[in-house]
Every structure is written in structure tokens, then in C-alpha cells.
Amino acid sequence: MNLPTDFYLSTCRFFSLFTMFFAGFFVTSFQYLGLSCFSVLCCLAMILSPTSKNMPILFTLGFFATQIPLVSAAPQTQPFPNIPFKVFSTFIEQSFSPQVSLATVLLVLFSLIENPELLNLHARQQNPEYDGEHKTVASGWMRALSRAIMHQLKTEVEMLFCDREFPVEETQQVTKLSGKLHDLAITLNLTPYSHKKFRGNLLPISYDTIQGIPTICPNTPICLNANCKARGLLQATKLRDIPLVTLIKEDTVYQDVPVLTGKCTTCDTTYHGDHERFKDEHRLWNKCYLNSARFLKIGQSLWVDRKFSHSVLSAIYNFHASASAFTQYWNDHNPITNSNFQITRRQIWQAFVQESIRTIASVKNIDLELKENFTIEEVAGEAFAMLGNTGIIEPGKKHSCSECSQPFKHAADFMINEDPAAVLGVDENSVIPALEGEHAALSAHQTAVSRQAARARANNINNSAQNEMDIDYDNCTMIVLDGIVFGPKVRNVNNFYIKITCLFFFKHCAQDGCIKDVKNARGGAFCEQHEDSYGDRCRVRDCTRTKVVNTQACEHHQEEWRKYKLDHSRSSLAGVKRMLQRPNESNPWQPGLRRTFQAHDDDNNVEIQRKNFFGPGQFYCVETICAPCGVVIAWTKFDKSESPTNILNFLKQVYPTEISRPNYICIDKACQVLRTAIANKSWFMWEKTSRFIVDSYHYINHRKTDYMCRTYCNPGPLDGSAPNLIKVAQDKEGRPYFQRAFNTQVYICIYF
């Protein structure tokens with residue numbers, strides 16, 4: 001026997017066996033973690049490689065960690081109980097009353113199916129395993145479920161018992177019903193035990209096998225045309241042409257849902273799930289958007305129910321969420337529904353537009369009718385023209401809540417500071433600075449008179465409160481106006497008009513004095529009328545030459561056209577950012593002034609002529625009227641400036657009658673608006689009902705130099721002269737303190 005050779009062979013065999021065992025253990029362990037075979041081989045090669053000893057341990061651990069999947073599998077479910085129906089019906093006949101309704105039986109059935117955890121707990125008490133554990137026929141778990149069912153059924157509890165079986169006492173009813181529920185669970189095989197042997201906990205029950213098959217079809221069985229005399233609708237789509245689409249119903253995604261179309265053979269009107277298609281008096285096809293539709297089409301092969309579309313509308317309106325944010329939320333939430341379906345931002349925006357149209361049309365009690373084959377942008381534009389009410393939102397005007405409507409107080413119930421210029425939140429214990437300027441003497445005299453009136457009000461606080469106890473007044477209301485400027489202007493740097501967003505909503509025709517929508521929002525400059533009138537002429541003012549192909553200028557003005565293209569190209573983005581960040585910077589390489597803008601508050605509607613019409617005009621700002629709680633009441637677009645005259649005309653349009661006007665109108669330039677109203681004599685229509693005030697920030701800055709603002713626009717006077725602007729509240733410990741009755745800092749977001 002050659003000992004070295006035998007020892008060598010034995011060692012090799014042992015090492016081979018050890019290597020096979022180690023490799024098998026290694027692969028099995030890593031696959032248990034969810035690693036792919038390729039990842040396992042990579043990790044094994046890295047560990048056995050001779051160079052691995054020179055690698056930092058953190059690098060090796062980091063590579064290993066990157067191979068472990070971070071997404072865990074969804075919770076497992078078990079199938080719906082699949083017992084013969086005869087077994088189930090026999091149990092119902094033998095256990096419940098013959099008059100028991102289908103709804104009651106299904107309530108009991110789904111109460112068991114929806115509570116697998118409770119059935120696990122109940123079954124464990126039915127099968128004791130240790131000393132001290134006792135088998136209980138009606139466990140506390142099943143008794144709790146029995147009480148919940150009895151509470152739901154109320155007077156129909158007797159239907160769960162056979163004739164002459166219903167106990168008188170409630171405790172006996174619970175015990176008896178618990179036994180029936182236990183027997184039903186055993187019949188349905190909803191128990192983790194089989195022949196007293198534990199076979200695993202019950203899992204949540206899947207409803208896939210009993211899920212109903214939805215269809216999308218017209219919601220009316222007859223033709224609604226008066227000339228057709230309620231003729232029944234025929235299924236118009238051929239079997240081979242019936243589209244199979246995806247339907248989102250609440251949180252559930254249904255695949256291959258058939259979409260059916262009805263047709264009237266008399267008038268040829270076709271009825272769809274969300275609209276009707278009919279011919280107008282000119283024999284042209286129109287489309288009627290039905291407010292009563294159960295489902296809405298938001299994609300080529302995607303439909304949603306109204307609960308889903310309403311959730312989109314509510315999220316965007318109440319939570320100020322963008323369409324992209326809601327898309328991300330739903331796609332992240334979607335794996336919970338065990339569906340791989342993903343929705344897109346365009347489809348969410350489609351749902352928002354479709355639901356908005358029907359919500360507003362329902363308030364007006366009409367169904368929107370438009371021409372067929374409109375794009376979603378055209379649908380939104382036409383819908384606003386027909387339903388927009390020139391920017392006045394009727395539900396917003398009728399809105400009322402505790403934040404925007406306060407009980408009216410005829411007299412003050414407080415006296416904090418006798419100075420009429422003192423404002424709540426700043427001057428409770430402060431000396432008020434006197435007015436400076438030409439009206440200083442007049443202001444000092446009026447302040448002295450106001451102090452005497454404040455002392456008189458303080459002496460009558462208790463008496464006035466007692467005398468007016470039984471008098472009813474209308475609630476006091478306030479609105480807040482604010483303007484949102486569309487594009488920032490970079491001064492001293494050629495007043496370059498930065499277009500942050502190139503939305504169709506902000507643009508209008510470039511022709512002087514025309515604010516119609518542009519015909520082509522991507523590259524166009526005129527409305528349809530002026531586009532046709534200009535034709536192929538050069539777009540430089542007063543030039544009558546023909547423009548060069550693929551440009552907007554003639555041969556003589558090509559340099560100006562190239563300059564315009566350069567200023568509006570992507571390559572200018574870096575310079576635009578610099579101008580936004582450094583508005584007062586002026587460098588030799590920057591072009592000179594090319595355009596003059598009207599001042600922000602200028603009332604002179606001077607038409608500033610443009611040198612060319614290469615690009616469309618742009619509205620200056622959006623002016624909004626909101627309630628103090630944030631509900632939008634109305635909005636409009638100002639073309640040139642946010643002038644006091646434009647604001648007064650807007651208010652007159654929204655509130656044409658005295659009874660509709662609010663008590664207070666808050667705007668950051670209320671003193672300017674008031675001064676203009678007095679000058680043009682429009683104040684006489686407002687003085688009986690409303691008062692203009694500014695917010696606290698503007699008031700503190702104005703009251704020292706602006707007589708009008710100091711005297712008439714105080715948002716929270718502490719001398720009791722405006723009792724409805726201040727109210728008494730209580731902190732957590734019940735101590736009273738003063739606060740503003742209305743919120744004047746309403747923040748409005750416009751999402752692009």
C-alpha cells in the first residue's frame with residue numbers, strides 16, 4: 001500500500017464532496033433569498049476568486065446586497081369556497097327560517113369569508129392542545145361576530161333561526177347564532193384544522209372566481225328623440241367588431257370588458273356608454289356628453305367608472321395635486337390590487353376634463369353637445385365657452401362655510417386699542433405711528449374724534465349686546481382678490497418676455513386689440529380670422545411683401561426673424577435663467593431694449609404697438625375671486641395690466657346686484673381700487689354694501705404714508721369700528737383671545 005498516494009486520493013475525494021455540499025448549500029440559501037441563478041454564480045465566483053481577498057469587505061457586501069430583490073411578493077390568498085351548491089342550500093334550509101332573504105344569507109356568508117383571522121382564533125379554541133385549555137362551543141371570537149351580525153340585521157335577526165327556535169334573551173340568541181356560524185364555517189371548509197390536525201392558518205379569500213363580468217352599454221333602453229316615440233334600441237355592433245377594453249371600477253381592474261353600442265333604426269342616433277351621437281339640423285354628426293353616464297372613456301381602450309373620475313377631480317381640486325402626481329399615486333397603489341396595469345398622465349387628465357364637464361353641466365341641468373371628433377383641448381375650450389359662465393363659478397358663489405361666513409355683529413363686543421389705525425396681531429400694546437405727508441393734520445384730527453367714539457362704544461358694549469340679543473342679521477361675508485402674473489419680465493435686460501409656460505390658455509391673437517384664441521398654439525400668432533387675412537404676407541408690421549417659405553418674414557426682414565428664433569430657442573435657456581436670477585444685471589453682450597410694457601397698476605390702456613407678429617400675444621395675469629376658505633368663486637384674464645379699473649369692472653360683472661355683494665372685499669391694492677372708484681364715481685354702487693380692505697402686511701406698510709389706506713382699509717381695527725372683522729376664540733386651555741374673523745392670505749395654485 002502506497003500511503004502518500006492513498007492519502008492524496010482520499011483527500012481529493014473528501015474535498016470534492018465538501019465542495020459539492022458547500023456549493024449546494026450556497027445555491028439553495030441564496031435562491032431562498034430570491035436571487036437569480038446568474039446572481040448566485042456571480043457571488044460564488046467573487047468569493048472563490050483569488051483576487052477577492054484584496055477586495056474591501058464593504059465592496060463585497062455591497063455587491064451582494066444589490067443582488068437581493070427589494071420587492072416582496074403580495075400576500076397570498078386562498079380560493080373561494082368551492083362546495084356543491086346543494087350542500088350549501090341544504091344547510092340554509094335546515095338552519096335558517098324558510099322566509100330568510102337572499103340578502104341576509106349573503107350577509108352571513110361574506111361575514112365569515114371576510115374574517116379569516118377571526119376564524120383562525122375561534123378554531124384554535126375549538127382544538128385545545130395544552131393543559132388549562134378548554135374547548136368552547138361558542139368562543140368569545142364567534143360571539144363577537146354574532147353580535148355584529150345581529151346589530152346589522154336589527155329586526156330581521158329572527159330570520160336566522162328556524163320556527164319556534166328563536167330565544168327570548170339576547171345572550172341565548174348570541175350563543176345559538178354562534179353555533180350556527182361555527183357549523184357554517186365547517187360546511188364551507190373555512191377552518192385551519194382537518195380531523196383535529198392543524199393544516200395551516202386560513203388566508204384571505206380571493207374573489208376572482210366569483211367576480212362579476214361587467215359590460216359597458218347605453219344607460220337608456222329607448223331612443224330619447226321625441227319623433228321616435230320611445231323606440232327600443234338595437235345592439236348595433238357586430239360580434240366580431242365588439243371592442244374588448246380595460247375598465248377601472250373603483251380600485252379593481254377588469255380586463256376584456258365588452259363595449260356595446262345601441263342604435264335607433266328610425267333616426268340613426270347611436271347610444272354609447274358615455275355619449276350619444278346624433279345628426280343636427282344640418283345633417284352633421286354631433287356628440288352629446290351624458291351627465292348620467294356610469295363609465296367614461298379616457299383612453300383608446302381604457303374606461304373608468306364615475307367614482308374613479310370623481311376621485312381624480314377631488315384630488316386635483318382639494319389637494320392641489322397635478323395629473324402627474326395622481327398618476328404616480330395610483331400606479332404605486334396599484335400593486336395592492338394584484339394588477340400589473342399602469343395608467344398614464346394623459347389618461348388622468350382626460351378623466352379630469354371629462355368629469356369636470358359633467359359636474360358643471362349637471363349644475364346647469366344640461367348635457368353638453370359639441371361637434372364630433374374634437375380633441376381634448378378643443379373639448380375643454382368649447383366646454384368653457386358654453387359652461388364657463390365667463391369665469392363665474394356658480395357653486396363657488398353659493399358656497400358657505402364657517403371660515404367664509406360669520407354671524408353678523410351690529411356693535412363691537414371688544415375694545416383693545418382706541419387708535420383707529422391699530423391693527424390686530426401687531427398693535428395690541430403698541431404706540432401707533434402718525435401719518436406723514438400732506439394729510440397729516442387731517443388724520444390727527446380724525447384720530448382724536450375716533451378715539452372719543454371708541455370710548456363711547458366701550459361704555460355701551462354690555463348694553464348693546466343685551467339689546468340686540470333677539471335681533472337676527474344676515475351673516476357677514478368676505479371675498480379675497482388676487483392676481484397671478486403669467487410671465488416674469490426682466491427689466492434692464494431688453495425687457496425680454498420670458499414664457500415660462502407656452503400654454504394655449506395664456507396666449508391670444510397677436511393683432512392689435514384682438515384677444516381671441518390663436519388658431520395654432522404651436523407656432524401660430526393669429527386667430528383664425530386674422531390668420532386668413534394675413535395669408536402669406538410678411539409678419540413684420542406694415543410690410544406687404546411675401547414671406548419666405550418656412551419662415552414668417554420676407555427676404556428684407558430675415559435678420560429680424562432669425563433674431564426672434566434665436567431668442568425663443570432652447571439654446572437661450574441658460575441666458576434666460578441668468579436674467580431671471582439677476583434681473584438688474586446689464587452686460588455688453590445682452591441686447592438692448594426692444595419692448596415696453598405697461599406698468600402693473602397702470603390704468604391707461606395704451607396700445608403698445610409691436611414691431612412684428614412672429615409670436616402670439618399673451619395675457620398679463622389671471623385675476624381670481626376666492627372665499628377666505630380657498631374656494632374659487634370667479635376668475636378672468638387681464639390683457640394689459642392689473643389695473644384698479646379692470647378690477648372694478650370684474651367685480652361689477654360677478655356681483656351685479658346689491659343683494660349678491662359681500663360685506664368685505666380684500667385685495668392688496670384696496671386703497672388704489674377705492675381711490676379709483678371714488679374718482680370714476682363707481683363707489684356709489686358699492687358704498688351701501690361693501691368695504692374695501694387690504695391685508696395686514698400691506699396695511700402696516702401703507703398706513704404711515706397713505707391717508708386713504710390708513711383711514712378706510714384697516715383689515716382688523718382694534719377700536720371696535722369694524723366688529724365683524726374680529727372675533728373672540730378660545731385656546732386649548734379655554735382662555736379667550738382675539739383673532740381675525742376671516743383669512744385674508746388665500747393662496748391659489750395654478751398647475752401647468
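Visitor: In the open sheet of 4 strands, what is the order of the strands?
Guide: The model is a predicted one. Its open sheet has 4 strands with mixed pairing. Read across the sheet, the order is S5-S4-S11-S10.

Visitor: Which strands stand at the edges of the sheet, each with a single partner strand?
Guide: An edge strand has one partner, so one of its sides is left without a neighbour in the sheet. The twist averages 30° from one strand to the next. The strands at the edges are S5 (252–258) and S10 (295–299).

Visitor: Which residue in S5 stands opposite Ile248?
Guide: Strand S4 (residues 244–249) pairs with S5 in the antiparallel sense, over 5 bridges. Opposite Ile248 in strand S5 stands Val253.

Visitor: At about what angle does H9 run to S11?
Guide: Helix H9 lies across S4, S10 and strand S11 (302–305). Helix H11 (residues 345–364) also packs on the sheet, touching S10 and S11. The angle of H9 to S11 is about 85°.

Visitor: Is Ser309 buried or exposed?
Guide: Ser309 belongs to helix H9 (residues 306–318). A polar atom of the Ser309 side chain lies 3.0 Å from the backbone oxygen of Arg306. Ser309 also touches Leu296, Val304, Ala351 and Glu355, leaving aside residues up to four places away in sequence. The relative accessible area of Ser309 is 0%, and the cut-off is under 20%, so Ser309 is buried.

Visitor: How many residues has the largest nonpolar core?
Guide: Ile479, Tyr655 and Trp686 are among the residues with the most contacts inside this core. Elements that each supply at least two of its residues include strand S14 (476–485) and helix H19 (644–654). The number of residues in the largest nonpolar core is 42.

How values were computed. Residues are numbered from 1 along each chain as its sequence is written. This is a predicted model: local features need pLDDT of at least 70, side-chain atom pairs count only at pLDDT 80 or more; totals for chains, interfaces and linings use all residues. Side-chain values use heavy atoms; hydrogens and water are left out. A nonpolar core is a set of buried Ala, Val, Leu, Ile, Met, Phe, Trp, Tyr and Cys residues joined through side-chain atoms within 4.5 Å. Buried means under 20% relative accessible area, exposed over 50%, partly exposed in between (1.4 Å probe, protein chains only). A polar contact is a pair of N or O atoms within 3.5 Å; within protein, one must be able to donate a hydrogen and the other to accept it, and residues adjacent in sequence count only if both atoms are side-chain atoms. Contact means heavy atoms within 4.5 Å. Two strands pair if DSSP finds at least two bridges between them. Axes are lines fitted to C-alpha atoms, for helices over the stretch in contact, and angles run from 0 to 180 degrees between N-to-C directions.
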